[in-house]
Amino acid sequence: MEYLCKPHCRYIVECSPDIHPPAYLQMNPRKYDLSSILAEDCKDSVQPFNPLNADAWPSQEQLGLDESQLRALKLALTKELAIIQGPPGTGDTD
């Protein structure tokens, strides 16, 4: 049976493990300004950056995140599909 494939169909139906960056980042690279979540003493030191450039990301210390939180943020901002799971009360469903 042939079906029309929606954007996430390749991951959910076809189970493709190769998750692409969002189309809007591929077609028109953008710069992210994460100043609103930076640690107070780092707000002036981190410039907007291309999220697809792994070396451009601020450190977990600058963002005030732990390693798993930074990994989840990177996935959410650079992948077409990101499933983030955490224990109850951690805000992962917000």
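The following legends describe several close-up views of a predicted model of one protein chain.

**Figure 1. Overall view of the predicted chain and its helices.**
The protein chain contains four helices and zero strands. Read from the N terminus on, its elements follow the order α-α-α-α. Of the 94 residues in the protein chain, 19% are buried. The surface that the chain exposes comes to about 7100 Å², and carbon and sulfur atoms supply 53% of that area. When contacts between residues at least 6 apart in sequence are considered, 37% of them join residues at least 24 apart.

**Figure 2. Helix α4 and the residues that it buries.**
Helix α4 covers residues 67–78. With twelve residues at 1.5 Å a residue, α4 should span 16 Å, and this agrees with the 16 Å that separates its end C-alpha atoms. Four residues of this helix are listed as buried: Leu70, Ala72, Leu73 and Thr78. The buried residues of α4 pack against two other helices, namely α2, which comprises residues 23–27, and α3, which comprises residues 60–63.

**Figure 3. Surroundings of Thr78 in helix α4.**
Thr78 belongs to helix α4. The relative accessible area of Thr78 is 11%, and because this value is under 20%, the residue counts as buried. A polar atom of the Thr78 side chain lies 2.5 Å from the backbone oxygen of Lys74. Leaving aside residues up to four places away in sequence, Thr78 touches His20, Pro21, Pro22, Leu25, Pro51, Leu52 and Trp57.

**Figure 4. The salt bridge between Arg71 and Glu67.**
The structure holds one salt bridge. Its partners are Arg71 and Glu67, whose closest N and O atoms are 3.8 Å apart. Both residues lie in helix α4, and because they are four residues apart, about one helical turn separates them. Arg71 is partly exposed, with a relative accessibility of 46%. Glu67 has a relative accessibility of 53% and therefore counts as exposed, the cut-off being over 50%.

**Figure 5. The cysteines Cys9 and Cys15.**
Cys9 is buried, at 8% relative accessibility. Cys15 is in no disulfide, and the nearest cysteine sulfur, which belongs to Cys9, is 9.9 Å away. A disulfide requires sulfur atoms within 2.5 Å, so the separation of 9.9 Å rules out this pair. The count for the structure comes to zero disulfides. Cys15 is exposed, with a relative accessible area of 57%.

**Figure 6. Arg30 in the loop between α2 and α3.**
Arg30 is located in the loop that joins α2 and α3. Its relative accessibility of 38% places Arg30 among the partly exposed residues. Along the chain, Arg30 and Asn50 are 20 residues apart, yet their C-alpha atoms are separated by 5.8 Å. Asn50 is also one of the residues that Arg30 touches, the others being Tyr24, Leu25, Phe49 and Pro51, when residues up to four places away in sequence are not counted.

**Figure 7. Ser35 and Glu40 in the loop between α2 and α3.**
Ser35 is placed in the loop between α2 and α3. This residue is partly exposed, at a relative accessible area of 26%. From Ser35 to Pro48 the C-alpha to C-alpha distance is 8.2 Å, and the two residues are 13 residues apart in sequence. Glu40 is likewise found in the loop between α2 and α3. Glu40 is exposed, and its relative accessible area is 65%. In sequence, 22 residues separate Glu40 from Gln62, and in space their C-alpha atoms are 8.6 Å apart.

**Figure 8. Gln85 in the segment after α4.**
Gln85 is part of the segment that follows α4. With a relative accessible area of 75%, Gln85 is exposed. The C-alpha atoms of Gln85 and Ala72 are 9.0 Å apart in space, with the two residues 13 apart in sequence. Ala72 is one of the buried residues of α4.

Key. Residues numbered from 1 in each chain as written. Predicted model: local features only at pLDDT ≥ 70, side-chain atom pairs only at ≥ 80, totals over all residues. Heavy atoms only, no water. Buried < 20%, exposed > 50% of the residue type's maximum accessible area, 1.4 Å probe, protein only. Polar contact = N/O pair within 3.5 Å; in protein donor to acceptor, adjacent residues only side chain to side chain. Contact = heavy atoms within 4.5 Å. Areas by Shrake-Rupley, 256 points an atom, 1.4 Å probe, with all protein chains shown as cover. Salt bridge = Lys/Arg side-chain N within 4 Å of Asp/Glu carboxyl O. Expected span 1.5 Å × (residues − 1).
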